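Please open the model in your viewer and keep the selection panel at hand. The stops below are meant to be taken in order, one selection at a time.

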Amino acid sequence: MTTLESKVGQEPRTAVWLAGTAAFLVAWGLIYAQLQPFSKWAVGLLPLESGSHAAEAIEFFVYDTPKVLMLLTLVVFGMGVLRSWFSPERTRALLAGRREGVGNVAAAGLGILTPFCSCSAVPLFIGFVSAGVPLGVTFSFLIAAPMINEVALGLLFVLLGWKVALAYLGFGLGIAIVAGWVIGRFHLEGWLQDWVRNVRSSAAEIPSSTVTLVDRLRAGIEAVVDIVGRVWIWVIAGIAVGAFIHGYVPADLLASIMGRDAWWSVPAAVLLGIPMYSNAAGIIPVVEALIGKGAALGTVLAFMISVIALSAPELIILHKVLTPRLIAVFVAVVAAGILAVGFLFNALFT
Amino acid sequence: MKDVKVLGPGCKRCVTTAEMVQGEADRLGVAVTIEKVTDYAAIAGYGIVSTPGIVIDGKVVHAGGLPKAEDIAHWLA
């Protein structure tokens, strides 16, 4: 891209990609606009009494399935493109010199933006700690990364509005910053597995190959194939559960269990959420249906966040680098943060 | 003989990366030895944080995600 020659050589390809992306976005918009009339028409064809439990449930399912999958595709594509500007190596270099405090804030923010797959979580953790990133700052990163899930954020924005999405982002960042800071205050470096403390690492000089606009768009498509390809089944399962709740669960029953007046529902939701393992994409349709039935927002979000952020498989992976004591502290601090968020949301949103 | 190390705990991407390097080496007629490094301490020792990573003749050339075929060809040249 530095010489004029190579620029000219790339232009036609870039133009084709840009045109393709634009065409995709237009087609997306046109199809999306037709979803509601289409689902009404399709459900109308079924021999169902309108307003019945079954009709309500099926309508929810037929409309929400394509809607959520389409939104998911768009959000994941956008995030894939955005993330092509960030790499874990760069993030580590950014965080290595930071003091705690500022470092926790930066780490939580970068935790949302830095792409890494779950099999990279352990090398990432070791890489950060061995390069001199403080333990508390590393934890801010590790907590923010799964908790503020970009898929959840995007879907909340579209299904429940910008206020809810913004509140989720703000409180998620808050938990990651404060929890990381608290863990840092405890000075628990000695509670890492022994071998982790002995790892010495050099900063790798990775020759940066030029990343073109086409590469970034391609990264977006790869993210869609990878993430949507993996979670679509969870999405459909989540919508089926949501449809059942929407059609059959009586609103007053749900309000009495998950409503604002039941104070114990927040801790119960967190306890219920930790052992469950699902996916943000599968939980959001359930969240949508629950809120539609009068569940309190704080309770539902506390459940959602504890499902996403504190999953058993993740804790098992972390066991390779953290001693059980340190894992217990991690779980306790994050759970306390989620509880606080749940109560705060219930107090703020009526 | 090029000495190639593919760094990663053994997830699918790491396997695919090793296959891509072998395929590209075969295509170009470059002799390579490919070694998979799965030990976390060894991976961290190379200074990379995201896997799969590629080290050729002791030099880190790539980290994070699948490499591009044209880049592999360039590294092996």
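What follows is a tour of a predicted model, moving from chain A to chain B.

**Overall scores**

Before selecting anything, note that the model scores ipTM 0.73 and pTM 0.78. For chain B the mean pLDDT is 86, and 100% of the residues in that chain reach 70 or more.

**The two domains of chain A**

Begin by colouring chain A in two parts, with domain 1 made of 18-39 + 51-85 + 211-248 and domain 2 made of 99-200 + 249-349. If you place a marker at the C-alpha centre of each domain, the two markers will lie 24 Å apart. The contact between them takes 24 residues from domain 1 of chain A and 23 residues from domain 2 of chain A.

**The largest nonpolar core**

Next, select A:Leu72, A:Phe125, A:Phe139, A:Met304, A:Leu322 and A:Phe330, which touch the most other members among the 95 residues of the largest nonpolar core. Helix H16 of chain A, residues 324-348, gives the largest share of this core, eleven residues. Because domain 1 and domain 2 of chain A both contribute residues to this core, it lies between them.

Centre the view on A:Leu322 and, leaving aside neighbours within four places in sequence, show what is in contact with this residue: A:Phe125, A:Phe139, A:Trp191, A:Leu192, A:Gln193 and A:Ile327. There is also a second, separate core of ten residues, which includes B:Ala25, B:Val32, B:Val61 and B:Leu76.

**Helix H6 of chain A**

Now select residues 135-147 of chain A, which form helix H6; its 13 residues reach 18 Å from the first C-alpha to the last, close to the 18 Å expected at 1.5 Å a residue. Why can this helix be called largely enclosed by the rest of the structure? Twelve of the 13 residues of H6(A) are buried, and therefore the helix is described in that way. Among these buried residues are A:Leu135, A:Phe139, A:Phe141, A:Ile143 and A:Met147.

**Two further stops in chain A**

Select A:Leu213, which is found in helix H10 of chain A, residues 213-248, and which is partly exposed with a relative accessible area of 41%. Measuring C-alpha to C-alpha in the viewer, you should find A:Leu213 and A:Leu18 8.9 Å apart in space, although they are 195 residues apart in sequence. Apart from neighbours within four places in sequence, A:Leu213 is in contact with A:Thr14 and A:Leu18.

Then move to A:His187, in the loop between helix H8 (162-185) and helix H9 (194-198) of chain A. Is this residue buried or exposed? At 53% relative accessibility, A:His187 counts as exposed, because the cut-off for that class is over 50%. Its backbone also deserves a look, since phi of A:His187 is near 50°, a positive value in a residue other than glycine. Most residues other than glycine have a negative phi, and most peptide bonds are trans.

**The annotated cysteines of chain B**

Turn to chain B and select B:Cys11 and B:Cys14, where UniProt, in an unreviewed entry, places the feature "active site". B:Cys11 is found in the loop between strand E1 (2-7) and helix H1 (12-28) of chain B, whereas B:Cys14 lies in helix H1 of that chain. B:Cys11 counts as buried at 15% relative accessibility, and B:Cys14 is buried with a relative accessible area of 4%.

Leaving aside neighbours within four places in sequence, B:Cys14 is in contact with B:Val6, B:Gly8, B:Pro9 and B:Pro52. Follow that last contact to B:Pro52, in the loop between helix H2 (40-45) and strand E3 (53-56) of chain B. A cis peptide bond joins B:Thr51 and B:Pro52, with omega about -5°.

**Last selections in chain B**

Select B:Asp57, in the loop between E3 and strand E4 (59-63) of chain B, where phi is near 50°, a positive value in a residue other than glycine. B:Asp57 is partly exposed, with a relative accessible area of 47%.

Finish on helix H3 of chain B, residues 69-76, in which B:Asp71, B:Ile72, B:Ala73, B:Trp75 and B:Leu76 are buried. To see what covers these buried residues, add elements of chain B including E1, H1, strand E2 (32-37), E3 and E4.

Methods. Residues numbered from 1 in each chain as written. Chains lettered and ligands numbered in written order. Predicted model: local features only at pLDDT ≥ 70, side-chain atom pairs only at ≥ 80, totals over all residues. Heavy atoms only, no water. UniProt positions renumbered as here; feature names shortened; annotations may be inferred. Helix = DSSP H or I, 4+ residues; strand = E, 2+ residues; numbered from the N terminus. Buried < 20%, exposed > 50% of the residue type's maximum accessible area, 1.4 Å probe, protein only. Contact = heavy atoms within 4.5 Å. Core = buried A, V, L, I, M, F, W, Y, C linked by side-chain atoms within 4.5 Å. Domains from an automatic or database assignment. pLDDT = per-residue confidence, 0-100. Expected span 1.5 Å × (residues − 1).
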